[in-house]
Amino acid sequence: MTVTVEVEGLPTLGSVLGTLRSKRALERVWGRDSTLWKEGDPAAKASIDSRLGWLDAPAGFSERMGELAEVTARLLEGVDRVVLLGMGGSSLCPEVLARSFGHQAQGKPLHVLDSTDPDAIAALLEQIDPARTRFLVASKSGGTIETLSLYRFFLERVGKGEAFVAITDPGSQLEGWAREEGFAATLLNPADIGGRFSALSHFGLLPAALLGLPLDALLAGARAQAEADGPGVDPEESPAARLAAAMAAAVAEGRDKLTLLTEEPLTSLGAWIEQLVAESTGKEGKGVVPVDLEPAGLPRGDDRLYVHLDVGTTRRAALEGVPEGAPLLRIHLPELESIGGAFFLWEMATALTGALLEVNPFDEPNVKEAKSRTGELLEVFEAEGALPASRTEHLVEGLRLDADAAFEPGEVTTVDQVLAAHLERGKAGDYLCLQAFLPMREETEAALARLRARLARRSGLATTSGFGPRFLHSSGQLHKGGPDTGLFLQLTHTPAASFAVPGAAYDFGTLFAAQARGDFQALADRGKRVLRIDLGEGDLVQALDGLLAG
């Protein structure tokens, strides 16, 4: 059984499906024809040619089931739980699986650490015994600063390489370290599978196996979906083509806010969809803007395409509040194990959407901007022992605020006045993005959701929210390379915990602060509308609840 896609309220859908048909889009995707996305661009051709291995993953990894079973049994011996160290595409699929399924009797609990916030590290240490934990170090490039810093930190604590497993590309720096340190296993992924398209490869399947999930069912669903979206299928009959056509048609109508309405237990799937769609389509001033986990009961404008995802016979609570007649996609999973098919569906649909928007969905040209700014700040720290002061930072009510050069709020005496003035910069069709460089814990998420609701009511805009630095590896590309419709609010804090980064001149608190400031500077350099509020030390819930509370 495959995942189904029904589309309502998009009269131009047939025309866009006709475009996919005339382009022979499905046939050309399967034929690895890079000109479907870009013609006459050798650099684009090279990046596309090197990123199409996800097409082979459902069938190819089905043939590796025996290898994965043997490795899994060995890795689970003598451990109580598993911790995955990774970012973006390396971490979000495992998080979806852990939250959607939980661990089965034959598996172990899995924790995902994709933050450099010292408080997040401290919270994890309270939950695990490092001596009885298996650590997965997942990085396609093998050089991701967050992942490698966390690996060095836990290696120093555990003291033995056999506690670790590497998932990476052949020839990466991480593969060399794994060999030198005597890792328990190294799983080399096909180099032609990009990070955000890697759910059905080792990056998603090994964590699934360690959770005790049925890999055969997950891959069977993916194979069935690949057949349903195969090269000889008419776009009208292809679920992925229908999904792609709906997204592209909606963008053409000014409905680029892909509002995800997920039923339990699929709630975490939205974050994975967000990173796939945002990072793949958000470039050249174009893009689809995923809106995930938006609080219910908010006013919603006519810039939305709604996507309802459900599984089995779950109730349709998430549909409440969708305006009558608004364009709506109904995506149904016959059973939870069909999530393997859902991964392939969204990968194919995103690739096709890139073709319709005429962007290369397999590169991420603007992600490096925040990385470069972060690196520059860390170099200053190494030379001078402190991060450089921001020229535009100032104090209001004891909190440090920073804004892009074009923001002149005038005479203000309170933080709320500054925030209100920032919201007034938004206009119809924009979206408000909360960038939370805060610890990702339940009470903080709840307070952030309450603030998000207040901001949405005050501004009337669609809202998105992401925790840093994880969003830098997903929606960060959209923020910088996508349409200039983002109004950004960055929230930072001073962590209570402190941990050194082994082998570096800085600690995790400095790295975390540099990543926040690096992204702020990258946005400001591009002329984006951005305001930073540093909540300082103390009770984050109280600080968040205090913003615009009147």
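Here, a residue is called buried when its relative accessible area is under 20%. With that in hand, welcome to a tour of this predicted model.

**Figure 1. The whole chain of this predicted model, seen as one body.** Of the 550 residues of the protein, 61% count as buried. Its secondary structure comprises 20 helices and 16 strands. The radius of gyration is 23 Å, close to the 24 Å that the globule rule gives for 550 residues, so the protein is as compact as a globular protein of that length. Along the principal axes, the C-alpha atoms fill a box of roughly 65 × 60 × 50 Å. Among contacts with a separation of 6 or more, 79% join residues 24 or more positions apart. The accessible surface amounts to about 20100 Å², and carbon and sulfur atoms supply 48% of that area.

**Figure 2. The largest nonpolar core, centred in this view on W272 and W346.** This core holds 99 residues, and W272 and W346 are the ones with the most contacts inside it. Helix 14 (residues 339-357) gives the core its largest share, 13 residues. Apart from this core lies another, of 32 residues, which includes L85, F154, L155 and F164. Look next at the surroundings of W272: setting aside residues up to four places away in sequence, W272 touches L92, C93, V96, R196, A199, F343, W346 and E347.

**Figure 3. Helix 6 (residues 92-101) and the elements that cover it.** Helix 6 is mostly covered, with 9 of its 10 residues buried. The buried residues are L92, C93, P94, E95, V96, L97, A98, S100 and F101. Their cover includes strand 2 (81-85) and strand 3 (110-113), together with helix 10 (202-211), helix 11 (215-228), helix 13 (269-281) and helix 14. Three of the helix 6 residues, L92, C93 and V96, can be found again among the contacts of W272. Just past the helix comes G102, with a positive phi near 70 degrees.

**Figure 4. Aromatic side chains, and two arginines placed over rings.** One aromatic cluster is formed by F135, Y151, F153, F154, F164, W177, F183, F499 and F508. Two of its members, F154 and F164, also belong to the core of 32 residues. The protein has 18 aromatic pairs in total. Elsewhere, the charged end of R64 sits over the ring of F61, at 4.5 Å from the ring centre. A second example is R532, which lies over the face of F520, 5.4 Å from the centre of that ring.

**Figure 5. E369, a buried glutamate in helix 15 (residues 367-384).** The relative accessibility of E369 is 17%, and the limit for buried is under 20%, so E369 counts as buried. Not counting residues up to four places away in sequence, E369 touches K480, A522 and R526.

**Figure 6. L548, in the segment after helix 20 (540-546).** Is L548 buried or exposed? L548 is buried, with a relative accessible area of 7%. Its contacts, leaving aside neighbours within four places in sequence, are D416, L419, L423, R454, L455 and R458. L548 and Q417 are 131 residues apart in sequence, yet their C-alpha atoms are 8.8 Å apart in space.

Key. Residues are numbered from 1 along each chain as its sequence is written. This is a predicted model: local features need pLDDT of at least 70, side-chain atom pairs count only at pLDDT 80 or more; totals for chains, interfaces and linings use all residues. Side-chain values use heavy atoms; hydrogens and water are left out. Helices (H or I, at least four residues) and strands (E, at least two) are DSSP runs, numbered from the N terminus. Buried means under 20% relative accessible area, exposed over 50%, partly exposed in between (1.4 Å probe, protein chains only). Contact means heavy atoms within 4.5 Å. Rings of Phe, Tyr and Trp (its six-membered ring) pair if their centres lie within 6.5 Å; planes under 30 degrees apart count as stacked, over 60 as edge-to-face and the rest as tilted. A charge sits over a ring if NZ of Lys or CZ of Arg is within 6 Å of the ring centre and within 35 degrees of the ring normal. The radius of gyration is taken over C-alpha atoms; the globule rule is 2.2 Å times the number of residues to the power 0.38. Accessible areas come from the Shrake-Rupley method with a 1.4 Å probe; for residues, only the protein chains shown count as cover. A nonpolar core is a set of buried Ala, Val, Leu, Ile, Met, Phe, Trp, Tyr and Cys residues joined through side-chain atoms within 4.5 Å.
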